[in-house]
Amino acid sequence: MLCGLEIHQRLEGKKLFNSCPTPLPDQKLPENCARITRMLNTAASELGVIDSASKFEHSRSRTFEYLAPEDFSCLVDSDEEPPTSINKEALLQALKFSKHINASIVDEVQVMRKAVTDGSNPSGFQRTSLISIGGELKYEGGEIPITSLCIEEESAGIISSNPDSVSYRLDRMGVPLIEISTEPVFTSAEEAAKGAQALGMALRMLDKVMRGLGTIRQDVNVSIPGGARVEIKGLQDLHLLKTLVENEVRRQEALAKISAEIKKRHKKMPTSLPFEDAGEIFLSTKSRLISKALESGGAVLAAKLPLFAGILGTELYSEKRFGSELSDYAKQAGGVKGLIHSDEDMQKYSISPQEAEALKKFLKIKKEDAFILIADKKERAEPAIIAALSRALVLCVPGETRKADEKGGSSFMRPLAGAHRMYPETDVRPILITKELLQEAGELVSVGKREKELCSLLGDDFGKRMLRSRNLPLFERLIANGADAKLAAITLEQTLVALRREGIDISLIGEDSLMEIFSLYKNEKITKASFEPLLRLCSGSPEKSIASLARENNLQKISGQELEALWKKEGGDMRKFMSKYGLVADAAEIMKMAKKKN
Amino acid sequence: MYSAQIEAQLKKLGIKIGDIISVQKGGQAFEGMLMPRPDAGDTGSLVIKLSTGYNAGVRMEGSKIKKIKDGGASFEKKQAQKNSYFAGEKGSHITLLSTGGTIASRIDYKTGAVDPQIDAKSLVGAYPSLKEFEPIKCNSIFSILSEDMSPLHWEKIAQAIKNEFDGGAQGVVIAHGTDTMGYTAAALSYSLENLPAPVVLTGAQRSPDRASSDAPQNIFCSMAAARANFAQVCICMHASTSDTLNHLHIGTRVRKAHTSGRWAFKSIGTRPLGEVNPKGGEVKLNSSAIARDMKRKINLKNKFSSNVHLAWIYPGINSKTVEKWAEYDGVVLAGTGLGHAPIDAANPNSKASILPALRSLVDSGIPVAMAPQCGEGRVIHGTYSTGTYLANAGIIGNGADWLAETCYVKMCWALGQEKDAKKIKEIMLRPMHGDITSFSLIGEE
């Protein structure tokens, strides 16, 4: 078994081909979004061929609805305006990483359109550019050879879907992604998981990396001898990688065996299989699934699979059988809920033994044959059964794009897309990679070096924690701006976390406010102790500056003669004084004063 | 195209466009098909299509190049196609005439240019929903971007349409670039007197090489409109950003009002002539539609002057500028507000006024017409003394709510029909094909 990884990391800032800001990973969708309804056709590649994955999607003829939040989407995202030139900031990040892994960087970046016709890009394509090939990531566990690094647009986020239409949100559309593909070098799922983690950590050393749920995605390529290259998308949880890869290996092994068995049984393989309407058999059926379809004017389509007895029920991996493979194809092609096959218990569907017998007679099924049945609206059932039957006749492991599920399994999405998905983006001029640009990109600090730096600043525990924190870029900007490192780390990782746990909306506390609080502290205008109350106040009135909040709420620092005067006035009781002025006076200064007077 | 130096080097190495080559750079080899280069960018970089489909630009200088496989044949020029096709049985057909523009464009490395050909069979093949409109005849008149259209092109298109109706077409669809489609629609409205059936212009704001192109829906709806029961020149384009409805706009009252959006075309100062549902192609027409009658024969009046000036009035425009217009056969002004120009009404013969210069143009026999530069509304020359002066100087247009571009086209056309200034004025002010309405609609935004 060999497995490779494809890592997609979102970048923050602006979108890749327009100036909209990138939304937060958990951005709420506003209520009054513009709604756009679209259809997509197929379009041929630069070499004049229509990609099979695009053809497949088009045959589903679905309607797409887009919700466009106006603060985070524009006419470029809705495919109504040509793109601007590439986001330089994002390009620099890609160059920086390419340099870090010692890859061969192209001399001229050519922006391409990759056909995507499932509606997730209103244009029908994703803009993508190859930045570099080759190189390797060095990490504690070894080296990961890299195939390529691309920079591309994120797709629109899916909201809901049904067989006839899909709804997407446009705020996510066009967010820059760095895509890194590794060579298929991982020989075990454990190795692959470690590799994914190492790549993820290294990417986090970039300064524009978005953090949070869904901001990094791993696709997995698995191929085994006698199998095929299968790309599995949408793995959210790295812990499931091992199960996912193991299941895929089992699936491909089982499919290879099944193919061999089918070949053995057939002297000559049929090139297509007919299907028939078996509706009359089920006119008074007790099967809810079938009667529901018939009542709404649907059809019950059935087909014989000659010499397939026992094959549909053959297990691929936990709970997935060959029948489920056919069912996946039927679902994708026709939007049906699934299919019923002869290796299943008919009573599960309340199909009576008499009905089952009648169906077998109708299809002329002998004991060495099998059947499949689909009950749904005719316009759905027909493409569904055609797709399932075509899949049954494929005598190898088909190259596929599959979708990971939450249990570590996967299901068929579409045929594996090929080179014919690509077309040059004529709206964006090629970008020359000059020496100056490469220099401007800067050097990435390795994970190990960064860890050492952080540990020396913050101590081992806090340093390691900060390395993995989503606040790392903010932390670095704060200390670059002169903030005290330990205080910045405590504020970001403890004070703000505690406030959030209290239910305070800390997202209202902007970076400007944080910068200001540290600068006021540095200039001795406020004390460390006032950070917590000031941040609390700031979330309530985010439009106000920290300085004015300190002034209005008597949180400005008191020191020197003024403090001494107060100390005298209050009678010199340390505990009393602290409880009254602890937020505005420096504890060390009070101690010093107390010692002096005593 | 590659630089001459690169072309020479490639030739020396026996490498043609389309060959599979390997370019060694640093420790890595970029391996793939050598592609032609678009004009933009660094002509010193080879464009290589990798097996993944990605194109990469690699500088030839300092790289080791090796030919791996011959493959150049696929990029050789194909024989030029015939430009007239039928899909379906011959008989009473709809004709699709192509003039070029985005709707017909696609990168074509075979000829190194944008391929203009629309052939009926591949059109129906690409968009199977068009099958219901068969028989369809396709013909390519020329292939230009619409910003390059001139009155001479309008004459040719009008002639081609007449030929199609004479040849039995039941309706004609014109594929056209969107930039000046409104001008052409107006020109055809004036040229094709006694039209028997619809002439529908359509285009695309997003090119057909992308899956999201508006071209398929616009062509489908235009075909549906070309079969419908009316007999006017109109533009059929998306009604909104969604793929849910197309509008039909009267040829004299339509403007491209957005540079790139699908909904760019708007009826100005009037309601759309009708709408077409892209699901099924149902056409709904309003009461201003004139019924089709295939017995009518077109009276072709397709002569246009190519020497008319369309000028935007702006603060600071001076007499010197106006005087230069004496070289034209006609002038159309897009005036401010109600159709105004800076004439210093308190002192109209002053230096700041362009009235004397305008008056001398009119007096020398050059017809000068006024249209509003505001998006909508009417020229009214009785409200302010500025207007009165302009009207008295002989500026044509008081009361007209024409679009500046329609007024320009009408002037080109009127000069093609008549030489007499009085008659030209009379033609200009005669409401034709909806170009000047008798009253303004309430409720237009």
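I started with a pair of strands: β6(A) and β7(A) run antiparallel and are joined by 5 bridges. In that pairing, A:Met112 stands opposite A:Thr128 of β7(A). Note to self: this is a predicted model, so everything below is read from a prediction.

**Entry: around β7(A)**

I stayed with β7(A) and looked for its other partners. Strand β4 of chain A, residues 104-105, runs antiparallel to β7(A), with 2 bridges between them. There I found A:Ile105 with A:Ser132 of β7(A) as its bridge partner. Strand β9 of chain A, residues 142-153, also pairs with β7(A), in the antiparallel sense and over 5 bridges. A:Ser132 turns up again here, standing opposite A:Leu149 in β9(A).

Is β7(A) mostly covered or mostly open? I checked, and it is mostly covered, as 9 of its 9 residues are buried.

**Entry: where chain A meets chain B**

Next I looked at how the two chains touch. I get 43 residues of chain A in contact with 34 residues of chain B. On the chain A side, the elements that give two or more residues are β2 (34-38), β5 (108-109), β6 (111-115), β7 (125-133) and β23 (422-424). So β6 and β7 from my opening entry are on that list. Sorted by class, the chain A side has 20 nonpolar, 13 polar and 10 charged residues.

I then followed β5(A) across to the other chain. It pairs with strand β4 of chain B, residues 55-59, in the antiparallel sense over 2 bridges. The bridge partner of A:Glu108 in β4(B) is B:Gly57.

**Entry: a sheet with strands from both chains**

That pairing belongs to something wider, so I traced the order of the strands. I read an open sheet of 7 strands, β24(A)-β5(A)-β4(B)-β3(B)-β2(B)-β1(B)-β5(B), with antiparallel pairing. Which strands stand at the edges? They are β24 (431-432) of chain A and β5 (64-69) of chain B. Each of these has a single partner strand, so one side of each is left without a neighbour in the sheet.

**Entry: chain B by itself**

I took a quick inventory of chain B. Its secondary structure comes to 10 helices and 21 strands. Of its 445 residues, 49% count as buried. I also looked at contacts between residues at least 6 apart in sequence, and 69% of them join residues at least 24 apart.

Then I picked out strand β11 of chain B, residues 199-202. B:Val199 and B:Leu201 point one way from it, B:Val200 and B:Thr202 point the other way, and all are buried. Strand β9 of chain B, residues 171-175, runs parallel to β11(B), joined by 4 bridges. In that pairing B:Ala175 stands opposite B:Thr202. Strand β12 of chain B, residues 233-238, pairs with β11(B) as well, in the parallel sense over 3 bridges. Here I found B:Leu201 opposite B:Ile235.

**Entry: A:Met205**

Back in chain A, I looked up a single residue. A:Met205 is found in the loop between α3 (189-204) and β13 (216-223). Why does A:Met205 count as buried? It has 20 other C-beta atoms within 10 Å, and the cut-off for buried is 20 or more.

I also wanted to know what A:Met205 touches. Leaving out residues up to four places away in sequence, I get A:Leu444, A:Val445, A:Val447 and A:Arg450. Along the chain, A:Met205 and A:Ser446 are 241 residues apart, but 7.3 Å separates their C-alpha atoms.

**Entry: two helices in chain A**

A:Arg450 led me on to helix α10 of chain A, residues 447-458, which packs with helix α11, residues 460-468. The angle between them is about 135 degrees, and their axes are 7 Å apart. The two helices are therefore oblique to each other. I noted the crossing of α10(A) past α11(A) as right-handed.

Which residues make the contact? From α10(A) they are A:Arg450, A:Glu451, A:Leu454, A:Cys455, A:Leu457 and A:Leu458. From α11(A) they are A:Asp460, A:Phe462, A:Gly463, A:Lys464, A:Met466 and A:Leu467. By class, I have 7 nonpolar, 1 polar and 4 charged residues in this contact. A:Arg450 is thus on two of my lists, touching A:Met205 and taking part in the contact with α11(A).

Technical notes:
Residues are numbered from 1 along each chain as its sequence is written. Chains are lettered from A and ligands numbered from 1 in the order in which they are written. This is a predicted model: local features need pLDDT of at least 70, side-chain atom pairs count only at pLDDT 80 or more; totals for chains, interfaces and linings use all residues. Axes are lines fitted to C-alpha atoms, for helices over the stretch in contact, and angles run from 0 to 180 degrees between N-to-C directions. Angles under 35 degrees count as roughly parallel, over 145 as roughly antiparallel, 65 to 115 as roughly perpendicular and the rest as oblique. A crossing is left-handed if the near helix is turned anticlockwise from the far one by less than a right angle, and right-handed if clockwise. Two residues are in contact if their C-beta atoms, placed from the backbone, lie within 7 Å. Ala, Val, Leu, Ile, Met, Phe, Trp, Tyr, Cys and Pro count as nonpolar, Asp, Glu, Lys and Arg as charged, and the others, Gly among them, as polar. Two strands pair if DSSP finds at least two bridges between them. A residue is buried if 20 or more other C-beta atoms lie within 10 Å of its own, exposed if 12 or fewer, and partly exposed in between; C-beta atoms are placed from the backbone.
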